[in-house]
Structure formats: C-alpha cells, structure tokens
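Please look through the sequence and the model shown here, and keep both at hand while reading. The paragraphs that follow go from a single residue to the surfaces around the DNA and then to the way the chains are arranged.

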There are 2 protein chains.
Amino acid sequence: MTTEERIKKQRELIEEIGRYFDKEGMQPIAGRILGLLMVMDKELFTFEEITKELQISKSSASVALKNLEIRGQIEYTTLLGDRKRYFHLKNHEASSVIEDTVRKMNAAKNMFNYIIELKADKNSKNSIFLKEMIRMFEVILFNFNKSIIDYEKSKKD
Amino acid sequence: MTTEERIKKQRELIEEIGRYFDKEGMQPIAGRILGLLMVMDKELFTFEEITKELQISKSSASVALKNLEIRGQIEYTTLLGDRKRYFHLKNHEASSVIEDTVRKMNAAKNMFNYIIELKADKNSKNSIFLKEMIRMFEVILFNFNKSIIDYEKSKKD
DNA sequence: TATATGGTTTATAAAGTTACGAACCAAAAA
DNA sequence: TTTTTGGTTCGTAACTTTATAAACCATATA
C-alpha cells in the first residue's frame with residue numbers, strides 16, 4: 001500500500017468513525033472530529049486545522065469541541081508563548097471504560113429492583129424475568145471486578 | 001404502602017423509565033410503552049389499552065409498537081377467536097444482553113485495529129492508547145464468556 | 001492606541017424527528 | 001351487503017437538532 005492509498009483510506013475511515021459515533025448518539029461533526037483525532041498520522045490539531053480539514057465553520061467546531069471535552073473524549077495541550085490550543089484524543093485509563101459500564105449496569109439493576117418492589121405479584125412473568133436479569137447483572141458485575149484486576153495485573157508484564 | 005400509593009408510584013415510574021430509554025436513544029412514546037409493559041401489575045395490554053393508558057393516538061402507538069418489535073424489546077400473543085394482539089415485554093434470554101455487548105465490543109476492537117493498521121507510526125501516542133484499549137476489551141471479552149458460563153451454571157441450581 | 005489572532009456567542013436557516021388526525025384497509029360480525 | 005373492529009399508512013404541524021454566518025470578545029502584537 002502506498003502512502004497516498006493509506007492516507008486516502010484514513011480519510012474514508014474518518015467518515016466511517018463519524019457515522020459510528022453518530023449512531024452512538026453523538027452529533028455528526030463531533031464524531032468526525034473524534035475520527036480525525038484518532039486516525040491521522042498527525043495527532044495534534046489546532047482549531048483552525050480542524051475547521052480546514054473537515055470543512056466546517058468555526059462555530060460548529062467550537063461547539064463540537066466543547067461537547068467532546070465535556071464528555072471527556074478529547075483534551076488540548078498549550079505551548080508556552082503560543083495562544084493556539086492543540087487538540088488531541090484524551091488518553092483516559094482503559095479501566096474507566098469498565099467503570100462506566102458498571103455504573104450504567106447498577107442504575108439498570110436498581111430500576112429493575114424498584115419495579116419488582118412495586119409489583120403486587122412478585123412472581124409474575126415480568127418479576128421473574130427482571131429477577132433473572134438482575135442475577136445476570138450480578139454475575140457480570142462480579143466478573144467485571146475481576147476484569148479490572150486482571151487488566152491491572154497484565155499491565156505490569 | 002396502600003395499593004393506591006403503589007399504583008401511583010408505578011405510574012410515576014413509567015414516566016421515569018420513559019425518560020431513561022429516551023436518553024438511550026429511544027423515541028419518547030416507545031420508552032413509555034416499554035415502561036407501561038414493565039411496571040404495571042397487568043402485564044398484557046391490547047393496542048387500545050395502550051393508547052388509552054398513555055393518552056396517545058393510534059398512529060403513534062402503531063409506529064412505536066412496530067419499532068419496539070423490530071428492536072426485539074416486545075412481542076405479542078394472540079388468542080384463538082380474538083383479533084386483538086396482547087402486547088407484552090419480550091422475555092429474551094438474559095445472556096443475550098451480554099452477547100449484544102460482545103458484538104458491539106468486537107466491532108469497536110476491529111475499528112481500533114484498522115486504525116492502527118493505517119498508522120505510519122505504530123508506536124504513536126494514539127497507536128499505543130488504542131492498543132491498550134484493545135487489550136482491555138480482550139480482558140473484558142474473556143470475562144464475559146466466563147459470565148455466560150457462570151450464569152448458565154447458576155441457572156441449574 | 002489600533003489591529004490581528006484565536007476563538008465564543010448569538011440569531012437564524014435548514015434539516016430531521018415526532019406525534020397527530022384523517023383516510024384507509026382487511027377481516028369478522030351483523 | 002353493510003358495519004364494526006383492530007389496526008396501518010399518509011400528509012402535515014410542531015418541535016428539536018444541527019450547522020452556519022455574523023457579531024462579538026479577550027489577548028497579544030505592532
């Protein structure tokens with residue numbers, strides 16, 4: 001694969017990643033920015049470079065960048081004597097992915113428990129189904145804790 | 001708690017569940033229908049009952065029910081000599097929740113691998129970060145498989 | 001002090017989504 | 001055959017989201 005082919009594929013991948021995050025509930029431009037910051041060889045982009053590369057307005061870039069920052073997906077570095085911000089992907093701890101999933105799963109579990117609590121018949125079809133789901137969640141949550149430990153352990157190798 | 005209090009709380013919970021699924025990308029009415037089918041003591045609802053309970057039009061109900069069916073969240077039962085459909089929560093296997101997550105995670109993993117494949121520098125900051133994420137996914141996927149096995153095992157008790 | 005740089009905020013246009021009523025349709029009942 | 005039941009589809013209004021241009025602002029530079 002020539003360098004040109006590679007770079008062409010990278011640009012195509014930006015669009016694909018954009019659509020991917022779009023489906024995950026992100027706004028289209030934010031998804032594409034994230035794609036840009038992920039796939040290109042260059043990994044630091046200024047505000048102006050982002051607007052040029054993606055052909056978007058300053059305001060769209062400004063709004064999307066703020067959203068991505070709030071979500072904790074990107075951050076920026078500044079250089080002494082340089083007013084520009086250099087945006088890049090946020091290198092968050094991989095284990096925070098698990099922690100997020102755990103939080104969500106606990107929220108669902110609590111909701112399901114409350115539904116059962118309010119049921120007249122604790123052995124109705126839904127009650128039994130929800131209890132099953134809760135039990136499944138508990139198995140997953142237990143193994144998630146193990147996942148974090150396993151991951152931290154494997155990190156040291 | 002009196003029965004009236006309980007039922008009042010159930011109705012409040014329907015709205016809360018509606019907002020919950022709304023945030024998960026579902027349309028408001030679909031979320032509320034799902035809430036209705038989850039929390040009430042009655043667990044089988046006809047089309048007409050749904051429109052009455054939630055005070056929505058027939059067309060809204062029709063569209064939302066079709067979407068929920070396609071997503072595999074609900075299904076209906078029919079009775080011999082009765083044209084009505086009795087909608088209820090779909091009692092899918094709890095382990096299918098994991099299988100879905102596994103599918104998603106594998107898609108993300110493949111995307112990350114492809115990004116690295118297209119990088120000029122396989123040891124760039126992003127490459128290293130993405131490799132870390134991939135490794136984390138692999139640990140999670142391994143433990144997910146264990147979760148399914150553990151769950152199936154505990155089911156027999 | 002005036003001007004350029006690096007953005008943010010505001011107002012609005014364009015597009016997309018949601019929900020509704022009304023018209024419609026197929027099957028069953030009268 | 002006509003009417004009722006149990007929905008679906010269509011056209012549209014209301015609302016929400018997205019993206020823009022233009023105005024604005026703070027800091028740095030001339």
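In this predicted model, a place to begin is Ser124(B), which is found in the loop between α5 (95-118) and α6 (125-155) of chain B. Is Ser124(B) buried or exposed? Its relative accessibility is 9%, and because residues under 20% are classed as buried, Ser124(B) counts as buried. Leaving aside residues up to four places away in sequence, Ser124(B) touches Glu43(A) and Lys119(B), and so its contacts include a residue of chain A as well as one of chain B.

The next step leads to the DNA, beginning with strand D. Which residues come nearest to DNA strand D? Of the 16 residues around this strand, they are Ser60(A), Lys58(B), Ser62(B), Arg83(B) and Lys84(B). Among the atoms of DNA strand D that come within 4 Å of the protein, sugar and phosphate account for 57%.

Individual atom pairs show what some of these approaches look like. A polar side-chain atom of Ser62(B) lies 2.4 Å from a phosphate oxygen of DNA strand D, and an N or O atom in the side chain of Lys66(B) is 2.9 Å from a phosphate oxygen of that strand. Arg83(B), in turn, has a polar side-chain atom 2.7 Å from a base oxygen of DNA strand D. The elements that give two or more residues to the surface near DNA strand D are α2 (28-39) and α4 (58-70) of chain A, together with α4 (58-70) and β3 (82-89) of chain B. With four residues, α4(B) provides the largest share of that surface, whose residues divide by class into four nonpolar, six polar and six charged.

DNA strand C can be read in a similar order. It is surrounded by 16 residues, of which Lys58(A), Ser62(A), Lys66(A), Lys84(A) and Ser60(B) are the closest. Sugar and phosphate make up 57% of the atoms of DNA strand C that come within 4 Å of the protein.

Several residues of chain B take part here. A polar side-chain atom of Ser60(B) lies 2.4 Å from a phosphate oxygen of DNA strand C, while a polar backbone atom of Ser57(B) is 3.3 Å from a phosphate oxygen of the strand. Arg83(B) has a polar side-chain atom 3.2 Å from a base nitrogen of DNA strand C. Two or more residues of the surface near DNA strand C come from each of α4 and β3 (82-89) of chain A, and α2 (28-39) and α4 of chain B. The largest share, four residues, belongs to α4(A), and the surface near DNA strand C has four nonpolar, six polar and six charged residues.

How are the two protein chains related to one another? A rotation of 180°, with 0.0 Å of shift along its axis, superposes chain B on chain A with an RMSD of 0.2 Å, which is the relation of a two-fold axis. The same surface serves both copies, since 100% of the contact residues of chain B recur in chain A. Within chain B, the residue that comes closest to the rotation axis is Asn143(B), at a C-alpha distance of 2.8 Å.

Finally, a single chain can be considered in parts. Chain A is divided into domain 1 (3-89) and domain 2 (95-155), and the C-alpha centres of these two domains of chain A lie 34 Å apart.

Definitions and conventions:
Residues are numbered from 1 along each chain as its sequence is written. Chains are lettered from A and ligands numbered from 1 in the order in which they are written. This is a predicted model: local features need pLDDT of at least 70, side-chain atom pairs count only at pLDDT 80 or more; totals for chains, interfaces and linings use all residues. Side-chain values use heavy atoms; hydrogens and water are left out. Buried means under 20% relative accessible area, exposed over 50%, partly exposed in between (1.4 Å probe, protein chains only). Contact means heavy atoms within 4.5 Å. A residue is near a molecule or strand if one of its heavy atoms lies within 4 Å of it. A polar contact is a pair of N or O atoms within 3.5 Å; within protein, one must be able to donate a hydrogen and the other to accept it, and residues adjacent in sequence count only if both atoms are side-chain atoms. Ala, Val, Leu, Ile, Met, Phe, Trp, Tyr, Cys and Pro count as nonpolar, Asp, Glu, Lys and Arg as charged, and the others, Gly among them, as polar. Copies are superposed by least squares on the C-alpha atoms of residues with pLDDT of at least 70 in both. Domain bounds come from an automatic or database domain assignment.
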